[in-house]
Amino acid sequence: MTAIATLGSHCSLQVLKGAKDEGLKTILVCEKKREKLYKRFPFIDDMIIVDSFKEILEQKCQSSLEEKNAVLIPHGTLIAQMSSEEIESIKTPMFGNKWILRWESDREMKEKLMVEAKLPIPKPVPTPADISKMVIVKRQGAAGGKGYFLAATEKEYHEKRNQLISEGVISKDETLYIQEYAAGVLAYLQFFYSPLNEELEFFGVDQRHESDIEGLARIPSEQQLKSNKVPSFNVIGNSPLVLRESLLENVYDMGDSFVDAAKRLVTPGMNGPFCIEGVYDENARFTSFEFSARIVAGTNIYMNGSPYYSLLFNEQMSMGKRIAREVKNAEKSNQLDKVTT
Ligand code: ATP
């Protein structure tokens, strides 16, 4: 029987609880320092204890996963801690499409896929000299917003970049990516595409709470101006959101279009969970600044099922459980290769 494995962080509790509820075996690749935490959860059948997650790249760990018939569920921690080459070298079958994770990590590839999907993206700003309105400056990969900053002029860009370098937050030779800042209501649109049913499901929406840009918004502007700290967008947690029903049509259109584009650009396409991230402006028009080509931690708020999944399933269905259900169905119909890479 197939087991579900994941790294102990990000959304591992939700993923393994969902797998257990589906009757699958569960394995946690757990850092020694977090063993005590994860031992508290009875639905974890097996732990592979490591000093660092990088050990998953070693033969020993992969053989152990192979023996246990594991399917590995990739999440943000895998992407944050490993290079695309390292992820692609993992032999354990990975749920979804491991090749698309490179498209998430590399800013240029990311933009290419978003353009192909016709997502309305913020205008990229090629160099600091081209800054003419408010921009957000980002780092490569899934940095979770850490070290990101806003600037309205080239001078401000250099001042803030230098400050962050001197504080050791970013490094001198890091390539930074600049794009226009899109103002509006944050919405992280969570989807699941089933390669077995060839169907797109809309799961839910979350908002991120980011520090300390949110902290700054809580103090009067006078004090904001006096603060000489560069506020970051470091994600602390998530909260749920439901959309005006009239927005749903466009949400499904964006999801479908993303799935179609991924099929064209990166075989076998966008299988499994993914997220389109952006803001709604005052005309309820969406601008997308980012996608995640795997489960996002924002799905953790719906461990008992989401509002939109309660419309599709007559049972409590988390994203973790949905993943396990797909694996189970694939196994039953001998199609595991269709849901893994
Ligand atoms: P992750 O991979 O964890 O999703 P990331 O490091 O790729 O994160 P982004 O999601 O691109 O980072 O950005 C982090 C945060 O910065 C967003 O959640 C949002 O609050 C803000 N942000 C990013 N781009 C824009 C933009 N163009 N306009 C307005 N806000 C933005």
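**How the ligand sits in this predicted model**

Trainee: Why is the ligand said to lie between two domains?
Mentor: In this predicted model, domain 2 (105-120 + 183-339) and domain 3 (131-177) both give residues to the shell around the ligand, so the ligand lies between them.

Trainee: What makes up that shell, strand by strand?
Mentor: At least two shell residues come from each of β5 (135-138), β7 (177-180), β8 (185-194), β9 (199-212) and β12 (286-292). The shell counts 22 residues, with Tyr148, Tyr188, Arg208, Glu210 and Glu290 the closest. A heavy atom within 4 Å is what gets a residue counted.

Trainee: What makes the Tyr188 pair a polar contact?
Mentor: The cut-off is 3.5 Å between N or O atoms. An N or O atom in the Tyr188 side chain sits 2.3 Å from a ligand oxygen, so the pair is within the limit.

Trainee: And which distances go with Lys138 and Glu277?
Mentor: For Lys138, a polar side-chain atom is 2.8 Å from an oxygen of the ligand. For Glu277, a side-chain N or O atom is 3.3 Å from a ligand oxygen. Both pairs pass as well, because the limit is 3.5 Å.

Trainee: How much of the ligand does the protein cover?
Mentor: Of the 620 Å² of accessible area that the ligand has on its own, the protein covers 97%.

Trainee: How do you know which classes line the shell?
Mentor: Sorting the shell residues by class gives 11 nonpolar, 4 polar and 7 charged.

Trainee: Why does the radius of gyration agree with a compact globule?
Mentor: A compact globule of 341 residues would come out near 20 Å, and the protein has 20 Å, so the two agree.

Technical notes: Residues are numbered from 1 along each chain as its sequence is written. This is a predicted model: local features need pLDDT of at least 70, side-chain atom pairs count only at pLDDT 80 or more; totals for chains, interfaces and linings use all residues. Side-chain values use heavy atoms; hydrogens and water are left out. A polar contact is a pair of N or O atoms within 3.5 Å; within protein, one must be able to donate a hydrogen and the other to accept it, and residues adjacent in sequence count only if both atoms are side-chain atoms. Accessible areas come from the Shrake-Rupley method with a 1.4 Å probe; for residues, only the protein chains shown count as cover. Helices (H or I, at least four residues) and strands (E, at least two) are DSSP runs, numbered from the N terminus. Ala, Val, Leu, Ile, Met, Phe, Trp, Tyr, Cys and Pro count as nonpolar, Asp, Glu, Lys and Arg as charged, and the others, Gly among them, as polar. Domain bounds come from an automatic or database domain assignment. The radius of gyration is taken over C-alpha atoms; the globule rule is 2.2 Å times the number of residues to the power 0.38.
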